[in-house]
Amino acid sequence: MKRFCFYLFVLACVACRNKSEYTFTGELYPTEGISYRLSLQGNDTTASIVPDSCHRFSVTLPAGNIPFFNFNGVVTEKDGEKWQFSTPVYFQNSKPVKMKFVLQNQEAMIEAVDKGNRMLQEFRTYMLQSGKTFWQSSSAPGELKGKLSDFLQEAKRLIATRQPDEVLADYLNTWSLITYLEIVQNMAHHYGRQGMQLPEDLTSGLPEVPAIVDKPYWRQFYGSKILALSYLRKQARTPEEQIRLLKEQFRTPSMREALHLSILANYISEYPYSEENLIRLETLCEGVPGGEDVVRQYREKRFSVVGAPIPDVTFEDRSGNQHRLSDFKDKYLYIDLWASWCSPCCAEIPYLQKLEKSVTNPDVVFVSISLDKNREAWEKKMDQLQLDGHQWIVKDGAFTDMLNVRGIPHFLLYGKDGKLMQYKAERPSIGVPLRDRLNQLK
């Protein structure tokens, strides 16, 4: 009840603000030899920012109920080196915000004029410096809680000494808690790879995840959604139970909708296609915005089941001629899904070329399908690897969606009847066993 009352209080404070417009101005230094790509991202609004010739900018947006934005920048140095930065921006009572950005040594030093944003910059600087120290130094599992608690204590110190309004204080406290939990999650993976476990008391005394991340400005924190999904999956095993828990413990409409769709997306990845699972998914999607698209994606997954027909998709060769896999009637098809940027894919190609030459069965056809979005990169890689034969490129992402491809290289084997024989066929690098199997197909 206490959390719910505070939640209503925050919404009431925000709703009472002057909703005319938000104005954000800034100056960037140094001004010579570097370029920027800048944007101001709100809960449901994103604006690109183009500095003038003096490296100054000013942007005005309609004021909304969420007074927090993220200012994001990609900096290109004289030598072409790129780096990025991000900072929160708080529009208190819709007052204009002005900042100065000094960009050097791949870091952004930011000065703010108003009290609220100065406090956010002070905490941001602390987080960046402490974060570097934390990851650079090795800590025994038993020392982690003390070091992690420093993030929470710094937020409390700033709130006590700077005395911000309730909305900004809640944001700062949320920022510190999400950072804490993100580090715990990352450290769990790190120690897990070493066969070690984190102390069980690392999160004791903290609020439950819904109380931390279920905020109107949740989108401003990248980790909010990840933490919420991890919480739901840990607390509830089935998607039905996860959705029930979601409705019980999360109140922000936009977050509930996003998490609901993520649970459904996980269903597509985790549950093999069957009519029974399709009916189950249709029930889960009833009344959900975007649910029809989820069901459609799952129906297309039927193409990844052994015995499924070849998808009716059009491809292009280097000359722009169109092709379909169904053009090869009464042939076995061994298909390589690859891309020019995929090192493991390229490593398989010499073995594939050798395999093609060694297979004497005239009923076997080899087709290589590139998933490249950059046609020029595909053609360049074909030249480098001296690729010939049936070399095609996808025209859109429909083919990989229909086959539920989650990684490449991926090899498929279709029979003479045009139906899938192997969803994950052996790689060419297996050598003789694959050659013999293809030669024996009748």
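## Two pockets in a predicted model

In the lining of the largest pocket, the largest share comes from α2, with 8 residues. The model is predicted, and this report describes its two leading pockets by volume, lining and residue class.

The largest pocket holds about 1,100 Å³ of space. Its lining is made up of 37 residues, and those closest to the centre are S86, R124, M127, L128 and W175. Several elements each give at least two residues to this lining: the strands β2 (35–41), β5 (68–76), β6 (82–90) and β8 (107–112), together with the helices α2 (115–136) and α4 (166–193). By class, the lining of the largest pocket has 18 nonpolar, 14 polar and 5 charged residues.

The second largest pocket has a volume of about 720 Å³. It is lined by 22 residues, of which L181, V184, Q185, T203 and K234 lie closest to the centre. The elements that provide two or more residues of this lining are α4 and α6 (223–235). Helix α4 gives the largest share here, 6 residues. The classes in the lining of the second largest pocket are 12 nonpolar, 7 polar and 3 charged residues.

The table sets out the residue classes of each lining.

| Pocket | Nonpolar | Polar | Charged |
|---|---|---|---|
| Largest pocket | 18 residues | 14 residues | 5 residues |
| Second largest pocket | 12 residues | 7 residues | 3 residues |

Helix α4 appears in both descriptions: it supplies at least two residues to the lining of the largest pocket and the largest share of the lining of the second largest pocket.

Methods:
Residues are numbered from 1 along each chain as its sequence is written. This is a predicted model: local features need pLDDT of at least 70, side-chain atom pairs count only at pLDDT 80 or more; totals for chains, interfaces and linings use all residues. Side-chain values use heavy atoms; hydrogens and water are left out. On a 1 Å grid over the protein atoms alone, a cavity is a set of points where a 1.4 Å probe fits but cannot get out, and a pocket is an open set with protein on both sides within 12 Å along at least five of seven lines; lining residues have an atom within 4 Å of a point. Grid points are joined across faces, edges and corners, and a volume is the space filled by probe spheres set on the points. Helices (H or I, at least four residues) and strands (E, at least two) are DSSP runs, numbered from the N terminus. Ala, Val, Leu, Ile, Met, Phe, Trp, Tyr, Cys and Pro count as nonpolar, Asp, Glu, Lys and Arg as charged, and the others, Gly among them, as polar.
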